[in-house]
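Open the model in a viewer and keep the selection panel at hand. The stops below go from one residue to the ligand and then to the whole chain.

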Amino acid sequence: MLEEMLRSIGTSPLSEYRMREPLSAHTTFRIGGPAAAWFSPGDERELAAVLRLCREHEIPYAILGNGSNLLAGDRGFDGVVISLEKNWSYCRKEKDGRLRAGAGTLLGNAARTAQKERLTGMEFAAGIPGTVGGALVMNAGAYGSEMKQILTEALVMTHEGQVLRLKAEELELGYRTSCIPSKGYIVLEGTFWLQPGDPEAIGLLMRELGARRREKQPLEYPSAGSTFKRPEGYFAGKLIQDAGLSGFSVGGAQVSEKHCGFVINRGGASAADVLALCEHVKKQVKDRFGVELELEIKRLGDF
Ligand code: FAD
């Protein structure tokens, strides 16, 4: 029935759906069982239609960016994952000088467009492997900068299919948080205010930050980036290292020896492995230092 309904919604040549789609293929952790359906709407009308379908039939849905901050459950997701990655992937400079990027645009591509347009301010985001939509949800940031500093407004769709243009302040962006999930918004587009800059200097900074990432982060293994939020006054990675947990493993999941703030998939890790490892890390850090670690990665589906 779900397949028939998706087929009847996705009539534009750009839309696509797949049934029993493994989430491991859509997460940078390379973990996750099947979603009942994966749907890439062709346009806003189809997006609103799939939301209506899910509402009317009480089918759970979730929005997927690049899956770089997600732990998907081993038992998958009994609902529709909606991907904007293909059809909301665009980035251009507007006449007023602002940069406008679709929610599915990879941050690296947005940063390179900014460079080409001689705009500086987005270099920090070039190495974050997420989409513009996921980055607004998380208020993604690195090297002392975050989306909040450059975002001016966003186009969102509500759960009911209404499209709203919101000012950045209305998204309540904080440290790796926003009100987007609690309000049920789906980000369609972000608009950024950047400064005029020299493309060569911009390129140099992006390369420097990229080299720092490659040196410090275990990019050779699947992961979802920093597993825990930075507790106030501490660094999660340092606390985990000081608790003697570097290299600690559960099944295929391991605390990276290169950067203890990352949990990596050494091969064949399950979501259960990652969660068990995170629980152990949290307990050890709490017992040793009295600090409560909070997961930065988001969970999706059934575990
Ligand atoms: P996803 O992981 O797909 O989704 C994250 C959440 O956002 C989910 O709840 C999802 O439902 C929701 N979502 C996604 N798109 C939309 C949308 N259009 N509308 C509404 N909700 C949506 N993060 C940092 O902040 N800084 C870093 O330096 C950094 N480095 C990383 C390095 C590595 C190697 C990896 C793997 C991850 C890193 N991350 C970092 C984490 C991650 O890349 C960011 O949080 C990124 O913003 C997530 O974007 P995404 O598109 O992958 O979102």
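**Stop 1: Gln254**

Select Gln254 and show what surrounds it: setting aside neighbours within four places in sequence, Gln254 is in contact with Gly247, Phe248, Ser249, Phe262, Val263, Ile264, Arg266 and Leu277. Keep in mind throughout that this is a predicted model.

Colour by secondary structure next. Gln254 belongs to strand E17, which covers residues 253-255. Is Gln254 buried or exposed? Its relative accessibility is 9%, below the 20% cut-off, so Gln254 counts as buried.

Now display side chains for Gln254 and Arg266. The two side chains make a polar contact at 3.4 Å. Arg266 is also among the residues listed above as contacts of Gln254.

**Stop 2: the ligand**

Move to the ligand and select the residues around it. There are 34 of them, and Ile63, Gly65, Ser68, Thr131 and Gly141 come nearest. By class, this shell comprises 17 nonpolar, 14 polar and 3 charged residues.

Which polar atoms of the protein should be picked out here? Start with Thr131, where an N or O atom of the side chain is 2.6 Å from an oxygen atom of the ligand. Go on to Arg176: an N or O atom of its side chain is 3.3 Å from an oxygen atom of the ligand. For Val187, show the backbone, since there a backbone N or O atom lies 2.9 Å from a nitrogen atom of the ligand. Switch on the surface at this point: the ligand taken alone exposes 970 Å², and the protein buries 91% of that.

Then colour the shell by element. At least two shell residues come from each of strand E3 (61-64), helix H4 (132-138), strand E9 (141-142), strand E13 (186-192) and strand E15 (223-226). Which element gives the most to the shell? Select H4, which supplies 5 residues.

**Stop 3: the whole chain**

Zoom out to the full chain, whose secondary structure comes to 8 helices and 19 strands. Its radius of gyration is 20 Å, close to the 19 Å that the globule rule gives for 303 residues, so the chain is as compact as a globular protein of that length. Along the principal axes, the C-alpha atoms fill a box of roughly 55 × 50 × 30 Å.

Colour by burial: 52% of the 303 residues count as buried. With the surface shown, the accessible area of the chain is about 14100 Å², and carbon and sulfur atoms account for 48% of it. Finally, draw the contacts between residues at least 6 apart in sequence; 67% of these join residues at least 24 apart.

Note on methods: Residues numbered from 1 in each chain as written. Predicted model: local features only at pLDDT ≥ 70, side-chain atom pairs only at ≥ 80, totals over all residues. Heavy atoms only, no water. Helix = DSSP H or I, 4+ residues; strand = E, 2+ residues; numbered from the N terminus. Buried < 20%, exposed > 50% of the residue type's maximum accessible area, 1.4 Å probe, protein only. Polar contact = N/O pair within 3.5 Å; in protein donor to acceptor, adjacent residues only side chain to side chain. Contact = heavy atoms within 4.5 Å. Near = heavy atom within 4 Å. Areas by Shrake-Rupley, 256 points an atom, 1.4 Å probe, with all protein chains shown as cover. Nonpolar A, V, L, I, M, F, W, Y, C, P; charged D, E, K, R; others polar. Rg over C-alpha atoms; globule rule 2.2 N^0.38 Å.
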